[in-house]
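Hi,

Here's the structure I said I'd pass on. Have a look at it first, then read on for what turned up.

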Amino acid sequence: MRRATAVRSLLAALAATLALPAQAEEEIELPSGHTVTFHDVVWGEPGAAGLTVRFRFLDPDLPTRTNEEGMIIVTDDTAFLCESFALDRIANGGPRPKQIVISISDRPVEFGEPNPEATQVFEAYSYSDGTCIWDFF
């Protein structure tokens, strides 16, 4: 019983810490020159590394961002989103995540539900000493 109460308190503190600004529809310019909009944050689902916070963004043009090999490379953009968006929202105290996942999708997708029509990319980062460290995902 004590453990369940502690987990609920931890999640409540994390939710308060991750309070996001009302301008969620604001476009965020990325290093690539593309833009995304913030979609949501998922903080209540555990990850393989422990406490994981997922910041999800939308870019309807994501499927057009392929290189010559047909791959979508957004590593610079996701690193930028981790450093300049996610860190600002987890740095105000409360529990520290072990991992931050940045995802970009061409459409809203229900978390944890498959959507074969959606184009999505994910990058994972360890959170250490106030910085994002890229993890092989």
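Let's start with D77: is this residue buried or exposed? D77 counts as buried, because its relative accessibility is just 2% and the cut-off for buried is under 20%. One thing to keep in mind as you read: this is a predicted model. You'll find D77 in helix α2. Which residues does D77 touch, if you skip its neighbours within four places in sequence? They are L30, P31, S32 and R65.

Helix α2 comes up again in the largest nonpolar core. That core has 23 residues, and F55, F57, L81, I100 and I102 are the ones that touch the most other members. Two or more core residues come from each of β2 (35-42), β3 (52-58), α2 (75-90), β4 (99-105) and β5 (120-128). The biggest contributor is α2, which gives six residues. As background, nonpolar side chains tend to be buried together in soluble globular proteins.

Now for the whole chain. It has two helices and six strands, and if you walk along the sequence you get the pattern α-β-β-β-α-β-β-β. There are 137 residues, and 36% of them count as buried. Looking at contacts with a separation of 6 or more, 54% are between residues 24 or more positions apart. As for the outside, the accessible surface comes to about 8,000 Å², and carbon and sulfur atoms account for 53% of that.

If you want a place to begin in the viewer, try finding D77 in α2, then look for its contacts L30, P31, S32 and R65.

Cheers

Methods:
Residues numbered from 1 in each chain as written. Predicted model: local features only at pLDDT ≥ 70, side-chain atom pairs only at ≥ 80, totals over all residues. Heavy atoms only, no water. Core = buried A, V, L, I, M, F, W, Y, C linked by side-chain atoms within 4.5 Å. Buried < 20%, exposed > 50% of the residue type's maximum accessible area, 1.4 Å probe, protein only. Helix = DSSP H or I, 4+ residues; strand = E, 2+ residues; numbered from the N terminus. Contact = heavy atoms within 4.5 Å. Areas by Shrake-Rupley, 256 points an atom, 1.4 Å probe, with all protein chains shown as cover.
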